[in-house]
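Got your viewer open and the cartoon drawn? Let's take a walk through this one, one selection at a time.

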Amino acid sequence: MTDIDSLLTAYDEQMRGAPPHPPTGVTYEQDGPLLRVVGQFRGLVSAPRDIGARGAELDRLIARQRDHFAARGEAVEWKTRGHDQPADLTDRLLAAGFVPEEQETVLIGLAEEMSAPVNPPGGVAIRQVTADADMHRIAAMESAVWGQDRSWLGHDLITRVSAAPDEIAVMVAEADGEVISAAWLVFRAGTQFAGLWGGSTLSAWRGRGIYRALVAARAELAVARGVRFLQVDASDDSAPILRRLGFQAVTTTTPYVWSPPRR
């Protein structure tokens, strides 16, 4: 495996920002060093490793993003990484009313090493899906897993598949016709990377190798497309599994979210 510093440099150069083809209704806007994504279930702000702005200038830049989405009545996520500069970025986000969500670990692995086929447990079938109905089934499963309404996810997946079907591969694991786990692979044209996303599994089916089988199935697709690296923003539950498979931690990522006041 490439050394950590080289992996992190490649990640910073190739995986920040947003995919090249926005879904219908989603627009990309540049504000100085920042990319602002508008039109999703909540806004997104993506920044380079070093924003460049400091002090009062950075405070104004942060306030502009908050105020932009406040005018739309929408929440916005500022995606931070543990090695971002300046070092006081997160303190300034907090001062502007942004709230941190759960920290995740950014892991990178070689696609070829992850692509050996893994059979799911008996009675479980894994397949790639594109139908709108399947995306809504995924959203319902995710809502059950996380105990919150994630109906927006069905629409998000539908619009992403519609806008750029070659950039996303959505996969489900099913048992007796029920979606019990789902995950998707997002290709990034012009880079060595593809991202592994999703990977939620109903509690009754955890610990049976379904997550690993979904990693392998997506890695196989990635290798077929010439992808070298797989990247994951991993939860504390997923990170140990991925580390055992050979993924390496390169940094952390934490969403800082501003939400409009409740009326």
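Start by selecting glutamate 112: it is exposed, with a relative accessible area of 65%, over the 50% cut-off. Keep in mind throughout that this is a predicted model. Glutamate 112 sits in helix α4, which covers residues 111-114. Now add glycine 226 to the selection. The two are 114 residues apart in sequence, yet their C-alpha atoms are 9.5 Å apart in space. Glycine 226 comes just after α7 and takes a positive phi of about 80°.

**Along α7**

Since you're there, select α7, residues 210-224. Is it enclosed or open? With 11 of its 15 residues buried, α7 is largely enclosed by the rest of the structure. Show side chains for the buried set: Ile210, Tyr211, Arg212, Ala213, Leu214, Val215, Ala216, Ala217, Arg218, Ala219 and Ala222. If you like to check helix geometry, put a distance on the end C-alpha atoms: they are 21 Å apart, which agrees with the 21 Å that 15 residues should span at 1.5 Å a residue.

**Into the core**

Next, the largest nonpolar core, which has 28 residues. Select Met135, Ile138, Leu157, Val170, Ile180 and Trp184, the residues with the most contacts inside that core. Colour by element of secondary structure and you'll find that β7 (124-129), α5 (132-146), α6 (151-163), β8 (168-175), β9 (178-187) and α7 each supply at least two of its residues. There is also a second, separate core of 19 residues, and Ala111, Met114, Tyr211 and Ala239 are among its members. In general, nonpolar side chains tend to be buried together in soluble globular proteins.

Zoom in on isoleucine 180. Beyond its neighbours within four places in sequence, isoleucine 180 is in contact with Val124, Met141, Ala173, Glu174, Ala175, Ser200, Thr201, Leu202, Trp205 and Ile210.

**The α5 and α6 pair**

Hide everything except α5 and α6. Their axes are 7 Å apart and the helices pack at an angle of about 145°; the crossing is right-handed. To see the interface, show Asp132, Met135, His136, Ile138, Ala139, Glu142 and Ser143 from α5, which meet Ser151, Leu153, Gly154, Leu157, Ile158 and Val161 from α6.

Stay with α5 and bring the surroundings back. Which of its residues are buried? Asp134, Met135, Ile138, Ala139, Met141, Glu142, Ser143 and Val145. These pack against β7, α6, β8, β9 and β10 (193-201). The helix has 15 residues and reaches 21 Å from first C-alpha to last, close to the 21 Å expected at 1.5 Å a residue. Just past its end, glycine 147 has a positive phi of about 65°.

Now centre on serine 143. At 18% relative accessibility, it counts as buried, since the cut-off is under 20%. A polar atom of the serine 143 side chain lies 2.8 Å from the backbone nitrogen of arginine 150. Leaving out residues up to four places away in sequence, serine 143 touches Gln148, Asp149, Arg150 and Ser151.

**Two aspartates in loops**

Follow the chain to the loop between α6 and β8, where you'll find aspartate 166. Aspartate 166 is exposed, at 58% relative accessible area. Select its contacts, not counting residues up to four places away in sequence: Phe187 and Arg225. Aspartate 166 and phenylalanine 187 are 21 residues apart in sequence, with 7.8 Å between their C-alpha atoms.

Then jump to the loop between β8 and β9 for aspartate 176. Aspartate 176 is exposed too, with a relative accessible area of 85%. Check its backbone: phi is near 50°, a positive value in a residue other than glycine.

**Finishing at α2**

Last big selection: helix α2, residues 55-72. Its 18 residues should span 26 Å at 1.5 Å a residue, and its end C-alpha atoms are 27 Å apart, which agrees. Show the buried residues, Leu58, Leu61, Ile62, Ala63, Gln65 and Phe69. What covers them? The cover includes β1 (27-31), β2 (34-38), β3 (43-46), β4 (76-81), α3 (89-95) and β12 (248-258). Just after the helix, glycine 73 takes a positive phi of about 70°.

One more stop: proline 86, in the loop between β4 and α3. Look at the peptide bond from glutamine 85 to proline 86, which is cis, with omega near 5°.

Methods:
Residues are numbered from 1 along each chain as its sequence is written. Side-chain values use heavy atoms; hydrogens and water are left out. A nonpolar core is a set of buried Ala, Val, Leu, Ile, Met, Phe, Trp, Tyr and Cys residues joined through side-chain atoms within 4.5 Å. Buried means under 20% relative accessible area, exposed over 50%, partly exposed in between (1.4 Å probe, protein chains only). Helices (H or I, at least four residues) and strands (E, at least two) are DSSP runs, numbered from the N terminus. Contact means heavy atoms within 4.5 Å. The expected span of a helix is 1.5 Å times one less than its number of residues. A polar contact is a pair of N or O atoms within 3.5 Å; within protein, one must be able to donate a hydrogen and the other to accept it, and residues adjacent in sequence count only if both atoms are side-chain atoms. Axes are lines fitted to C-alpha atoms, for helices over the stretch in contact, and angles run from 0 to 180 degrees between N-to-C directions. A crossing is left-handed if the near helix is turned anticlockwise from the far one by less than a right angle, and right-handed if clockwise.
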